[in-house]
Amino acid sequence: MEKPSIIELPNEIILRPRFQDHLEDTATEVLERIEKAGEKPILIKRLDDHLFISFNDAERHFWSPQLQLEILDEEEGGCKVYGLFGPNPTLWTFFMFLHFGVATLFIILGIWAYSSASLGKPYGVLVGGMVAMLILWFAFYAFGRAGRAKGKPQMQELHRFYKRALKG
């Protein structure tokens, strides 16, 4: 019926863990089986060959993860499941906005500091601002890691649901 194989990432830096499974069933069968296996507090949304599995509002907190599955047929038969755990897309977009904002400020301050140094003007405050941006950048990363740790039990629950749904 199926040969699930989870690829565990040894790198602890990864904020959005991924896995792949090869199944002997067709993608349509697997999509329908998982979609029909919905149970409280799990919510399932389908868009073409993608499933988005998350928790309902009563169980969801700020750091609740979401499991995105892409299920594709393979030419030699069976299908391949690509799984991606991540935070709520709105939260992820907000974090990326913050990271890009800090990076942009860092670059602007760096250019300004270089220009000031070239013109013989004081630039210590600008370099201090660059250091503050680096500290802020690492703080965002640490905050994200802490959030992933808080959401890990729900991430495991989503993965268990996925495995149960495959068994039908």
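**Aromatic pairs**

I began by searching the whole of this predicted model for aromatic pairs, and the search returned 6 of them. The pair I looked up in detail joins tryptophan 63 to phenylalanine 143, whose rings sit 5.2 Å apart, centre to centre, with 75 degrees between their planes, an edge-to-face arrangement. I then asked which parts of the chain this pair brings together. Tryptophan 63 belongs to the loop between strand 4 (50–55) and strand 5 (65–73), while phenylalanine 143 belongs to helix 3 (residues 124–167), so the pair ties together parts that are 80 residues apart in sequence.

I also checked whether each of the two partners is buried or exposed. Tryptophan 63 counts as buried, at 15% relative accessibility, whereas phenylalanine 143 is partly exposed, with a relative accessible area of 48%.

Phenylalanine 143 has a further ring partner in phenylalanine 95: I noted 5.9 Å between the ring centres and 25 degrees between the planes, and a pair counts as stacked when its planes are under 30 degrees apart, so this pair is stacked. Since phenylalanine 95 lies in helix 2 (residues 89–118) and phenylalanine 143 in helix 3, this pair ties together parts that are 48 residues apart in sequence. Phenylalanine 95 is buried, with a relative accessible area of 8%. Following the ring pairs onward, I found Phe62, Trp63, Phe95 and Phe143 linked into a cluster.

**Helix 2 against helix 3**

I turned next to the two helices that hold Phe95 and Phe143, and asked how their axes are placed. The axes of helix 2 and helix 3 come within 8 Å and cross at roughly 165 degrees; angles over 145 count as roughly antiparallel, and that is therefore how I describe helix 2 relative to helix 3. I recorded the crossing of helix 2 and helix 3 as left-handed. On the helix 2 side the contact includes Phe95, Leu98, Val102, Phe106, Leu109 and Trp112, and on the helix 3 side it includes Met130, Met133, Leu134, Trp137, Phe140 and Phe143.

Between helix 2 and helix 3 there is a loop, in which I located glycine 120. Glycine 120 is exposed, at a relative accessible area of 66%. From glycine 120 to leucine 105, which is 15 residues away in sequence, I noted a C-alpha to C-alpha distance of 22 Å.

**Helix 1 and isoleucine 71**

In helix 1 (residues 27–36) I listed Ala27, Val30, Leu31, Arg33 and Ile34 as buried. Around the axis they cover an arc of only 165 degrees, which puts them on the same side of helix 1.

Four of these names came up again when I looked up isoleucine 71, a residue of strand 5 that counts as buried at 1% relative accessibility. Leaving aside its neighbours within four places in sequence, isoleucine 71 is in contact with Ala27, Val30, Leu31 and Ile34, and also with Asp49, Leu51, Cys79, Lys80 and Val81. Its C-alpha atom is separated by 8.7 Å from that of glycine 83, which is 12 residues away along the chain.

**Aspartate 48**

My last entry concerns the backbone of aspartate 48, which has a positive phi of about 55 degrees although it is not a glycine. Aspartate 48 is placed in the loop between strand 3 (42–47) and strand 4, and it is exposed, with a relative accessible area of 62%.

Terms used:
Residues are numbered from 1 along each chain as its sequence is written. This is a predicted model: local features need pLDDT of at least 70, side-chain atom pairs count only at pLDDT 80 or more; totals for chains, interfaces and linings use all residues. Side-chain values use heavy atoms; hydrogens and water are left out. Rings of Phe, Tyr and Trp (its six-membered ring) pair if their centres lie within 6.5 Å; planes under 30 degrees apart count as stacked, over 60 as edge-to-face and the rest as tilted. Helices (H or I, at least four residues) and strands (E, at least two) are DSSP runs, numbered from the N terminus. Buried means under 20% relative accessible area, exposed over 50%, partly exposed in between (1.4 Å probe, protein chains only). The arc is that of the directions from the helix axis to the C-beta atoms. Axes are lines fitted to C-alpha atoms, for helices over the stretch in contact, and angles run from 0 to 180 degrees between N-to-C directions. Angles under 35 degrees count as roughly parallel, over 145 as roughly antiparallel, 65 to 115 as roughly perpendicular and the rest as oblique. A crossing is left-handed if the near helix is turned anticlockwise from the far one by less than a right angle, and right-handed if clockwise. Contact means heavy atoms within 4.5 Å.
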